[in-house]
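Here are some short exercises to work through with the structure open beside you. Try each task before reading its solution.

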Amino acid sequence: MEAENHTEVSQFLLLGLSDDPNLQPVLCGVFLSMYLFTVLGNLLIIVAIISDSHLHTPMYFFLSNLSFVDICFTSTTVPKMLVNVQAQSKSITYIGCLIQVYFLMIFAGMDTLLLTVMAYDRYVAICHPLYYMVIMNPRFCGTLVLMSWLIIFWVSLLHILLMKQLTFCVGTEIPHFFCELAQILKVACSDTLINNIVLYVSAALLGVIPLTGILFSYSRIVSALMRMSSAGGKSKAFSTCGSHLSVVSLFYGTSLGVYLSSALTHSSLHNSVASVMYTVVTPMLNPFIYSLRNKDVKEALRRLINLVASCL
């Protein structure tokens, strides 16, 4: 293929999940349904937290931010995929691909950082309950979220600036349904050594270190719960921590699945299916996990639904 500088390449081709024309309406229906469930479910969580004064606590402040990030995360990929399926097109502009990579990295990174902050919040609440409101004051909580945004903003920007230095070939095909940085580096026509090094370093900093923090927090939480004599206290702690642990397991489990799929197999289909799990399925399931396992959220949603029903 003829090589062109990145400033001259106008578009890439997203190969999607399947070339079978009979499957396109099915894929469109499935992804549209999952997208609507994701947006509506997470919006319900956000509205329930805002409208219920009982949920105006640090834990639910972080949860509302996580729900917002999940909506944005899914909205970065699924709408473009649905448009391409409906238009029977596989193209995405070079600028559009850069934007998609940038926001995907921001929202994926924010997921990991928010889950880490939420684990720290549970650690303080259970291991240092008398100092909880002093430590997790509104200013500190806001600072944690703001610092998370700033960190991931600059890390994502660094990747985009490095990606802009790459050279691509005419008619470059990306074996995916969205622009994923790792896949783009594989199809670049120029040397990607620096890009890959920065990718692995940032993955370690924003993946391994937060996971280590989460595991450490929960090791201390489990130790504290073992010493707790109150059955009611244990039950409430398991309720809130169980929801968070389920989300952490789902997010990191699917992310690890994507990594292993990419490392152990060269099948683009396997990699794409694994990516669907953490970009679409996980954000869709998070509201169900919190509403089913958390009594406070369940009660808030019930009050919200009753309020809406009484107004109709």
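**Exercise 1: A helix pair**

In this predicted model, α4 passes α6 in a right-handed crossing.

Task: Describe the geometry of this pair, and find which residue classes make up the contact of α4 with α6.

Solution:
- Step 1. Locate helix α6 at residues 138–163 and fit the axes: those of α4 and α6 come within 9 Å.
- Step 2. Take the angle, and you get a crossing at roughly 150°.
- Step 3. Sort the contact of α4 with α6 by class: 21 nonpolar residues, four polar and no charged ones.

**Exercise 2: The sheet**

Task: Work out in which order the three strands of the open sheet lie, and which strands are at the edge.

Solution:
- Step 1. Start with strand β2, residues 11–14: two bridges join β2 to β5, and the two run parallel.
- Step 2. Check the register: Leu-13 stands opposite Glu-173 in β5.
- Step 3. Write the order as β3-β2-β5, with mixed pairing.
- Step 4. Pick out the edge strands, β3 (91–93) and β5 (173–174), since each pairs on one side only.
- Step 5. Add helix α4 (residues 94–127), which packs on the sheet and touches β2, β3 and β5. The direction of α4 makes about 80° with that of β3.

**Exercise 3: An enclosed helix**

Task: Compare the span of helix α2 with the expected one, and decide why α2 counts as largely enclosed.

Solution:
- Step 1. Helix α2 covers residues 58–75, which is 18 residues.
- Step 2. From first C-alpha to last, α2 reaches 26 Å, close to the 26 Å expected at 1.5 Å a residue.
- Step 3. Of the 18 residues of α2, 15 are buried, so the rest of the structure largely encloses this helix.

Conventions:
Residues numbered from 1 in each chain as written. Predicted model: local features only at pLDDT ≥ 70, side-chain atom pairs only at ≥ 80, totals over all residues. Heavy atoms only, no water. Pairing = 2+ DSSP bridges. Helix = DSSP H or I, 4+ residues; strand = E, 2+ residues; numbered from the N terminus. Contact = heavy atoms within 4.5 Å. Axes fitted to C-alpha atoms, helices over the stretch in contact; angles between N-to-C directions. Expected span 1.5 Å × (residues − 1). Buried < 20%, exposed > 50% of the residue type's maximum accessible area, 1.4 Å probe, protein only. Left-handed = near helix turned anticlockwise from the far one by under 90°. Nonpolar A, V, L, I, M, F, W, Y, C, P; charged D, E, K, R; others polar.
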